[in-house]
Amino acid sequence: MSVTELEQVKQMARRSWACGDFPAIARMQLWPVGARIVERMAVAPGERVLDLACGTGNAGIRAAEAGAEVVGVDLTPELFDAGRAEAAEAGVELEWVEGDAEDLPFADESFDVVLSTFGCMFAPRHDVTASELVRVLRPGGRFGICSWTPEGAVGQSFQTFGRYLPPPPKVGQPPLLWGSEQHVSELFSELGVDLEFARETVAPPQFGSADEAVEFTVTKFGPLMMAKRLTTEDGRWPQLRAELVAQFERAEPGEYLVVAGRKR
Ligand SMILES: C[S@@+](CC[C@H](N)C(=O)[O-])C[C@H]1O[C@@H](n2cnc3c(N)ncnc32)[C@H](O)[C@@H]1O
C-alpha cells in the first residue's frame, strides 16, 4: 500500500469527522461511556492518562475529573474547541494534541492508562494502532477500549449506510472488527498484555419521532451526511432513509465491546 493512499484515507476521515456537528452527536449518545470506562479502569489522581482518538474528550474529561493528568490526541483538531468548552464546563483542563493513532507523537512508556471510546476503532490499520497503544503504556499500565459491536444497533446502522457508500478503501480493516473479542485477542496476542472483555450498551438517543432522529443524524453526523449527499445524487436516498427510519423506530440500545487490558 502506498503512503499516498494511506494519507488520502486519513485526510478523508478527518474531513468526515470535522463536518456536521460531531460534538452534538457525542453528547446525544456517547457521553455516558466515558464515565463508565474511567470508573472500570479505576483511574486515580495523578495518573497520566491518554484519551486516544479523543474527539471532544469523552473519556479524557471524566479522567481529568477523577484527578488524572490527561492528554487527548485526535486526527481531527477541528473538534478541540468544542472539547475545550466541554472541559471548561466540567472545570478541568486537558492537553489537546493533533496526532494519528497509528503514529502517536509520544515517547515509549509515557502513560499509566490509555482510554479510547469509539475512537481507535476508526484508524485503518488495527495492528499498527494496537502496537502504538501498547508502546506508549508503561509496564503494568492499563488500557480500556470501547468499540461498537457489529451485532448492536449502532453497528447495524453503520453497516446499513455503509452499503450506500463507495466500497471502503483497500487500506486497513473495517472499524467494527474492534467489536469482536476474537479479532481483538488476535491483535494483541503478541504484544505482552492480558485482556478481559465485557459487553455493555448505551440507550438509544431520545427523539420525538424516527423522522426527527433521521433529520438530526443526517445533518450532524459526517459519514451519514456523505451517504445522504451521494444517495440524493443517484436517487437511492428514499430507500436509505426508509431503512434508517425503520432502525430508529426499533429504538434498540447500542451495544459495544469493552476491552480492559494490562501491559505485563
Ligand atoms: C466516533 S468519534 C469518537 C470521539 C470520542 N472518543 C468520543 O467518544 O466522543 C471517532 C474519533 O476518532 C478520530 N480518529 C479517526 N481516525 C483516527 C486516527 N487515525 N488517529 C486518531 N484519531 C482518529 C476521529 O477524528 C474522531 O474524533
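These exercises, each with a worked solution, concern a predicted model with a bound ligand.

**Exercise 1. The ligand shell**

Describe the residues around the ligand, by distance, by class and by element.

*Solution.*
Step 1. Begin with the count. The ligand has 20 residues around it. Those that come nearest are Ala-53, Asp-74, Thr-76, Ala-101 and Thr-117.
Step 2. Sort the shell by class. It holds 12 nonpolar residues, 6 polar ones and 2 charged ones.
Step 3. Look for the element that gives the most. That is helix α2, residues 22-40, with 3 residues in the shell.

**Exercise 2. Polar contacts and burial of the ligand**

Find the polar partners of the ligand at Asn-58, Asp-74 and Ala-101, then state how much of the ligand surface the protein buries.

*Solution.*
Step 1. Take the ligand oxygens. One oxygen atom is 2.5 Å from a side-chain N or O atom of Asp-74. For the side chain of Asn-58, the distance from a ligand oxygen to an N or O atom is 3.0 Å.
Step 2. Turn to nitrogen. A ligand nitrogen sits 2.9 Å from a polar backbone atom of Ala-101.
Step 3. Add the surface. On its own the ligand exposes 600 Å², and the protein buries 98% of this.

**Exercise 3. The setting of Glu-102**

Where does Glu-102 lie, is it buried or exposed, and what is it in contact with?

*Solution.*
Step 1. Place the residue. Glu-102 is in the loop between β3 (95-98) and β4 (111-117).
Step 2. Check accessibility. The relative accessible area of Glu-102 is 5%. The cut-off for buried is under 20%. Glu-102 therefore counts as buried.
Step 3. List the contacts beyond four places in sequence. They are Leu-6, Lys-10, Ala-123, Pro-124, Arg-125, Val-128, Thr-129 and Glu-132.
Step 4. Look at two of these partners. Thr-129 is 27 residues from Glu-102 along the chain, yet their C-alpha atoms are separated by 4.7 Å. A polar side-chain atom of Glu-102 lies 2.5 Å from the backbone nitrogen of Arg-125.

**Exercise 4. Salt bridges**

Compare the setting of the Glu-65 and Arg-62 pair with that of the pairs made by Arg-199.

*Solution.*
Step 1. Recall the principle. Side chains of opposite charge can pair when their charged atoms come close. The model has 23 salt bridges.
Step 2. Take the pair within a helix. Glu-65 and Arg-62 form a salt bridge, at 2.7 Å from N to O. Both belong to helix α3, residues 58-65, and they are 3 residues apart, about one turn. Residues three or four places apart in an α-helix point the same way, because there are 3.6 residues a turn.
Step 3. Check the cover on each partner. Glu-65 is partly exposed at 42% relative accessibility. Arg-62 is buried at 18%.
Step 4. Move to Glu-181 and Arg-199. Their closest N and O atoms are 2.9 Å apart in a salt bridge. Glu-181 is in helix α7 (residues 181-188) and Arg-199 is in strand β6 (residues 193-202), so this pair ties together parts 18 residues apart in sequence.
Step 5. Follow Arg-199 to its partner Glu-255. This salt bridge has its closest N and O atoms 3.0 Å apart. Glu-255 lies in strand β7 (residues 254-263), so the pair with Arg-199 of strand β6 ties together parts 56 residues apart in sequence.
Step 6. Finish with a network. Lys-10, Asp-100, Glu-102 and Arg-125 are joined into one by salt bridges that share partners.

**Exercise 5. Positive phi**

Which loops hold Ala-42 and Phe-118, and what is the phi of each?

*Solution.*
Step 1. State the expectation. Most residues other than glycine have a negative phi.
Step 2. Take Ala-42. Its phi is positive, about 50°. Ala-42 is in the loop between α2 and β1 (48-52).
Step 3. Take Phe-118. Its phi is also positive, near 50°. Phe-118 is in the loop between β4 and α5 (126-136). At 8% relative accessibility, Phe-118 is buried.

**Exercise 6. Helix α6**

Why can helix α6 be called largely enclosed by the rest of the structure?

*Solution.*
Step 1. Count. Helix α6 spans residues 153-162, and 7 of its 10 residues are buried, so the rest of the structure largely encloses it.
Step 2. Name the buried residues. They are Ala-153, Val-154, Gly-155, Ser-157, Phe-158, Thr-160 and Phe-161.
Step 3. Identify what they pack against. The elements are α2, β5 (137-148), α9 (222-234), α10 (237-250) and β7.

Key
Residues numbered from 1 in each chain as written. Predicted model: local features only at pLDDT ≥ 70, side-chain atom pairs only at ≥ 80, totals over all residues. Heavy atoms only, no water. Near = heavy atom within 4 Å. Polar contact = N/O pair within 3.5 Å; in protein donor to acceptor, adjacent residues only side chain to side chain. Areas by Shrake-Rupley, 256 points an atom, 1.4 Å probe, with all protein chains shown as cover. Helix = DSSP H or I, 4+ residues; strand = E, 2+ residues; numbered from the N terminus. Nonpolar A, V, L, I, M, F, W, Y, C, P; charged D, E, K, R; others polar. Buried < 20%, exposed > 50% of the residue type's maximum accessible area, 1.4 Å probe, protein only. Contact = heavy atoms within 4.5 Å. Salt bridge = Lys/Arg side-chain N within 4 Å of Asp/Glu carboxyl O.
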